[in-house]
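Trainee: I have a model open on my screen and would like to learn how to read it. Could you walk me through some features?

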Amino acid sequence: MPLSALDFVLAARQSEIIGLQQLLQMSKLVGAVSQLIHVLQRERGTVNIYLCSHGDTWGDRLEERAQQVQLAADAVDSQLTSLDLSGPMANAPRLFSRIANALHSMSNLPALREQVAALKIDQPEAMNRYSEVIRAHLALVFEAADTSGDPTVSRALLAMFSFMQGKELAGQERALAAAGFTSQRFDDAMHQQLLELIEGQERCFHAFMEFADERSLALWQQQLRTDSSELERFRRIACTCVTPAGVADDIALRWFDITTARIDGMKIIEDRLEERLMACCEQRIGDAQRCDALQQQEIAQLPLQNSDYAALIPPQLSRSVLELIERQSRQLQAQDAELAALRATLADRKLVERAKSLLMQHHGMSEPQAHKILRDMAMKQNKKLAEIAEAMLSVAAIMGTSANKSAP
């Protein structure tokens with residue numbers, strides 16, 4: 001029996017459902033990665049204080065932090081195992097490459113922990129190596145956003161990634177200032193780096209606010225109101241003083257407690273964003289399944305008495321069949337228009353992230369420093385940030401330079 005137009009109407013809906021189910025799987029993976037990044041950030045901060053105190057502080061916490069990371073890594077592995085690698089998936093090559101890079105980064109942790117425990121690595125190097133592991137997992141989340149063919153889910157993914165990126169910069173600020181307070185010294189380079197980390201957080205959280213739902217925005221506003229004045233006082237000391245004077249000996253631990261409370265509050269919002277992401281996927285799957293059932297009912301009621309008539313194509317198709325196809329087409333067109341705008345935003349973000357990674361890899365810059373370089377160039381040349389990033393990547397390609405593998 002030849003295939004009819006109605007067969008492809010139903011196939012389009014089934015394909016949509018399969019794609020949404022894959023997105024749900026991917027969203028569960030993003031949630032597990034979110035928890036892994038959170039405990040990695042905590043381990044990084046603990047390691048910083050341990051190293052800067054020359055092993056006098058928090059050595060007893062190192063094993064506990066490593067165990068927490070392992071539990072979170074096991075949860076990520078469980079989600080990876082449940083992924084269907086055989087079926088078609090949007091952007092699969094880059095996504096699977098990010099997954100491979102994230103897994104490889106985790107394999108380097110045992111050797112790093114041995115160096116830390118034996119005090120055979122300095123604080124800046126240890127912080128950088130932990131940050132590289134976290135960056136590899138953030139890149140995985142960013143790539144997951146590019147697998148979405150649904151605008152509602154895309155917005156939720158972009159909101160979550162932007163927030164996670166801001167939270168990571170907050171974690172770096174916690175770790176860097178903890179090192180300075182522990183050693184009781186901040187040089188000009190640390191001052192500048194801290195200022196850039198604070199500015200970077202504001203940039204990421206601004207992007208989050210562009211895509212977030214109302215409930216998540218309300219939680220974020222509540223978080224901003226609860227940030228303590230003590231946090232700002234410590235920030236002023238860290239960003240302006242060379243040798244903090246007149247402060248308590250346990251100022252590093254107090255700073256760590258304050259910033260940990262702040263980051264734990266961010267994790268609550270991050271969990272809310274994860275819930276929102278799951279809910280979007282499940283709602284869209286339910287909507288698509290209901291539309292599929294309704295379509296099948298409508299098709300069953302069409303006066304198609306024989307296979308010859310059912311196989312006809314326009315203009316011979318009945319008005320009822322045309323209406324069914326046109327309704328589905330209008331829905332897809334509206335969806336595609338919103339998705340195109342989101343994909344343009346995502347494409348620009350990817351260019352910027354790759355250009356930043358290039359600067360970080362080949363010039364030893366931090367993420368905020370790399371962003372500042374790109375922003376200053378864009379302002380000087382009166383161009384968009386993405387245009388500068390694209391030009392830089394084009395030059396790098398000609399010169400045979402590649403961006404860091406962990407870049408989104």
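**Reading burial, contacts and helices**

Mentor: Let's begin with one residue: Ala218 counts as partly exposed, at 36% relative accessibility. Keep in mind that this is a predicted model. Ala218 sits in helix 8, which covers residues 214-226.

Trainee: How far apart are Ala218 and Ile269, in sequence and in space?

Mentor: They are 51 residues apart in sequence, and their C-alpha atoms lie 9.6 Å apart in space.

Trainee: Where does Leu10 sit, and is it buried or partly exposed?

Mentor: Leu10 belongs to helix 1, residues 5-52. With a relative accessible area of 23%, Leu10 is partly exposed, because buried means under 20%. Across 283 residues of sequence, the C-alpha of Leu10 is 9.7 Å from that of Ala293. Setting aside neighbours within four places in sequence, Leu10 is in contact with Asp292, Gln295, Gln296 and Ile299.

Trainee: What would a buried residue look like here?

Mentor: Try His191, in helix 7 (residues 188-211). Its relative accessible area is 8%, so His191 is buried. Beyond its neighbours within four places in sequence, His191 is in contact with Phe186 and with Ala238, Cys239, Thr240, Cys241 and Val242.

Trainee: Now a whole helix, please. How does the reach of helix 5 compare with what is expected?

Mentor: The general idea is that the expected span is 1.5 Å times one less than the number of residues. Helix 5, residues 123-145, has 23 residues and reaches 33 Å from its first C-alpha to its last, close to the 33 Å expected.

Trainee: Why is helix 5 described as largely enclosed by the rest of the structure?

Mentor: Because 17 of its 23 residues are buried, helix 5 is largely enclosed in that way. Look at its start as well: a side-chain oxygen of Asp122 comes to within 3.1 Å of the backbone nitrogen of Glu125.

Trainee: And the chain overall? How many helices and strands are there?

Mentor: There are 14 helices and zero strands. Of the 408 residues in the chain, 49% are buried. As for the surface, the chain exposes about 19500 Å², with carbon and sulfur atoms supplying 53% of it.

Trainee: What share of contacts joins residues at least 24 apart in sequence?

Mentor: Taking contacts between residues at least 6 apart in sequence, 81% join residues at least 24 apart. You can return to Leu10 for an example: Ile299 is among its contacts.

Notes. Residues numbered from 1 in each chain as written. Predicted model: local features only at pLDDT ≥ 70, side-chain atom pairs only at ≥ 80, totals over all residues. Heavy atoms only, no water. Helix = DSSP H or I, 4+ residues; strand = E, 2+ residues; numbered from the N terminus. Buried < 20%, exposed > 50% of the residue type's maximum accessible area, 1.4 Å probe, protein only. Polar contact = N/O pair within 3.5 Å; in protein donor to acceptor, adjacent residues only side chain to side chain. Contact = heavy atoms within 4.5 Å. Areas by Shrake-Rupley, 256 points an atom, 1.4 Å probe, with all protein chains shown as cover.
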